[in-house]
Structure formats: structure tokens, C-alpha cells
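This report describes the fold, the packing and several individual residues of one protein chain. The sequence and the coordinates come first.

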Amino acid sequence: MKEKRMKESTVWQIAAHAVMITGSVLAVFPFVLLVIASFTDNQTALMNGYSFFPEKWSLEAYSYIAREWMTVGRAYLMTIAVTVIGTVLSLVITSTFAFAVSNDKLPGHKILMFMSIFTMLFNGGIVASYYIYSNIFHIKNTIWALIVPSLLMSPFNVVLVKNYYQNSISSSILEAAQIDGASVFQVFRKIVLPLSVPILATIGLMTAIAYWNDWTNGLYFLTEKDGANLYTIQLVLNKINENVNFLANNSELSVRAASMPSTTIRMAIAVVGVLPIMIAYPFFQKYFVKGITLGGVKE
């Protein structure tokens, strides 16, 4: 009986590994094709389409990015600034709110949590949000247009952090610190935050990826006339997808539209845009797995 169970377990492990390997390969293939396409000659891509084995290789797209780094590089720096500022502010808001509602003794904590969860199901819609941000907060054509609309707390992140506080940090430690005279802010800053690195790294990574890949805020709140200098790398890529002559028509560029590798430039900018996330993810992976596991558990 024991040998039979061991054989069944081995079969399931082999099947599980086969499924995961297949899924991983299928997930990697599109990115490999993206990279290869960015190194493909533009005319070859136009005539034959994208291929894992292109007839002709070329660095034309990356050479174009290097020549026009004033536009692409500025968008890249703007993306980094928006991601860093937005992620830090989001972590501050989410962690403090989750700490408050994780205290069952806080009057009205259930109401506050309900109000947070309610926003997962209902919201004011695009029109109302656009009117408020544009006419009341006046963030249109400012850097805050890329940060504030996504800054409001994610209920999912709040639940993860709240559960982590309740299940991974002993309440006796917090009570002992308060008995010793520590204030609520001292308890949060000196005890809770140092013990919450896994979950904060987890939601920080998810928030950073969301900010890095976001282009809808710029689409809604930035205009080409007054907000073009605030375009992020995703907005530049979106503009290229809408009009392959966008970079060439920009007043700052001197190269004619005909000289732009319109097909492969999209792939090259996509590769440049995704590299920082790929470089940063391995450093956060262990925290990501641990944070999701512990933050998603509710006793």
C-alpha cells in the first residue's frame, strides 16, 4: 500500500512538473519572439512578418532609439519617476490603513473595511472620475495625472496586508510595546513595518508593475499640446501603435518618417520598457511568494 501511494505521488509530481514546464515555455515564447522581432530588419518584418528565425537581422530599431533618446529617454525617466513616487505613496497609504482596520478595538473598523471592499464592486465610472480629477483637483496635464488616479488604495492589497498583520504579527508584542510607553506610531514604525517586509515587498512589486505598465491615465488626462513632455514609455509605445509617424512628426525630432523603422521600433521600445521589471523581479520573488501565502491566509 505504501509503495502504491509513493508511485501515485510520483506520477502526480511528474504530471504537475510537466504542466508547469509547458506553461512556462508557452509564457516565455511570446517574449522571445518580441526580442527577436526587435532585432529583425524592418523591411524583412514588413514582408515576411515576425519569425523566430528571421532572414535578416538588424540593430536599426535600437539605433533609432539611441538617436532619439531625448524623446524616448525622457519618457523612460518619467516612467521611473511615476513608478517610484506612486509606489511609495501607495505603500504608505495602504500599510497605514490596513494597520488601522486590523485593530478590532478600533471603533468603526468594520465600516471602514466595508467602504474599502465596496469600491471593488462599484465606482463612479470614467466620466465622473474624469470630471473630478480635471475640474476639481485640476491634475490634468500634470505629473499627478499619472499618479493620483491609481493612488487610491487597492482593496485587494488592503486585505492582504490586514491579514498579514493579524496572522503573522503577534498582538502580544504590540501590547507589550504599548505598555512600555510606545505610541501607536512608534509601534507601527519600529515593530510592524520591520516585520512586514514580505507583504510590503509583494504589494509594492504589484503596484510598481501596475504603474510601470499604465497608459490609460495619460490617455485620459494628458494632451499632446500641453502634456507631451510628461509622456511615459507606455504612452509613447501606444502613440506609435496608433500612428507609426508619431515620433517623426514630433517637433523635437529631425529624422523623416520614412527613415523610422516603424514595425520593429514597437518591439524594441517594448523590450526596453519591460527590462527593468525583469531585472527587479528576481530580487523580490522570495518576498512575493511568502507575502502572497501569508497575506492570503485568514484564520
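The text below goes from the overall make-up to the cores, then to one helix pair, and then to single residues.

**Overall make-up**

The model is predicted. Its secondary structure consists of 14 helices and 0 strands, so that the order of elements from the N terminus reads α-α-α-α-α-α-α-α-α-α-α-α-α-α. The protein has 299 residues, and 37% of them count as buried. Among contacts with a sequence separation of 6 or more, 71% join residues that are 24 or more positions apart. The accessible surface amounts to about 17,800 Å². Carbon and sulfur atoms hold 67% of that surface.

**Nonpolar cores**

In soluble globular proteins, nonpolar side chains tend to be buried together. The largest nonpolar core of this model has 28 residues. Within this core, the members that touch the most other members are I65, V82, L146, L222, I233 and I269. At least two residues of the core come from each of α3 (60–67), α4, α10 (197–213), α12 (233–242) and α14 (264–295). The greatest contribution is that of α4, with 5 residues.

One of the well-connected members can be followed further. Leaving out residues up to four places away in sequence, V82 touches T87, I143, L146, I147 and Y211. L146, one of these partners, is also among the core members with the most contacts to other members.

A second core, separate from the one above, holds 20 residues. Its members include V158, Y165, V192 and I203.

**The pair α4 and α9**

Two packed helices are described by the angle between their axes and the distance between the axes. For helix α4 (residues 69–101) and helix α9 (residues 184–195), the axes come within 12 Å and the crossing angle is roughly 115°. The crossing of α4 and α9 is right-handed. On the α4 side the contact is made by S95, T96 and F99, and on the α9 side by V184, F188 and V192. Of the residues in this contact, 4 are nonpolar, 2 are polar and none is charged. V192 thus appears twice in this account: in the contact of α9 with α4, and in the second core.

**Pairs distant in sequence**

The table lists three pairs of residues with their separation along the chain and the distance between their C-alpha atoms.

| Pair | Separation in sequence | C-alpha distance |
|---|---|---|
| M120 and S154 | 34 residues | 8.1 Å |
| M267 and Y62 | 205 residues | 9.8 Å |
| G227 and N141 | 86 residues | 4.8 Å |

**Two methionines in helices**

M120 lies in helix α5 (residues 109–121). Its relative accessibility is 48%, and M120 therefore counts as partly exposed. Apart from neighbours within four places in sequence, M120 is in contact with P155 and F156.

Is M267, by its relative accessible area, buried or exposed? M267 is found in helix α14. With a relative accessible area of 18%, M267 is buried, the cut-off for buried being under 20%. Not counting residues up to four places away in sequence, M267 touches L34, A37, S38 and Y50.

**Loop residues**

The loop between α6 (125–136) and α7 (155–168) contains H138. N141 is found in the loop between α6 and α7 as well. Neither residue is a glycine, yet H138 has a positive phi of about 55°, and phi of N141 is positive too, near 60°. H138 is exposed because its relative accessible area is 56%, and the cut-off for exposed is over 50%.

G227 lies in the loop between α11 (216–221) and α12. Which residues does G227 touch, not counting those up to four places away in sequence? They are N141 and L222. Through N141, then, G227 in its loop between α11 and α12 is in contact with the loop between α6 and α7. L222, the other partner of G227, belongs to the largest nonpolar core. G227 itself is buried, at a relative accessible area of 0%.

Terms used
Residues numbered from 1 in each chain as written. Predicted model: local features only at pLDDT ≥ 70, side-chain atom pairs only at ≥ 80, totals over all residues. Heavy atoms only, no water. Axes fitted to C-alpha atoms, helices over the stretch in contact; angles between N-to-C directions. Helix = DSSP H or I, 4+ residues; strand = E, 2+ residues; numbered from the N terminus. Left-handed = near helix turned anticlockwise from the far one by under 90°. Contact = heavy atoms within 4.5 Å. Nonpolar A, V, L, I, M, F, W, Y, C, P; charged D, E, K, R; others polar. Buried < 20%, exposed > 50% of the residue type's maximum accessible area, 1.4 Å probe, protein only. Areas by Shrake-Rupley, 256 points an atom, 1.4 Å probe, with all protein chains shown as cover. Core = buried A, V, L, I, M, F, W, Y, C linked by side-chain atoms within 4.5 Å.
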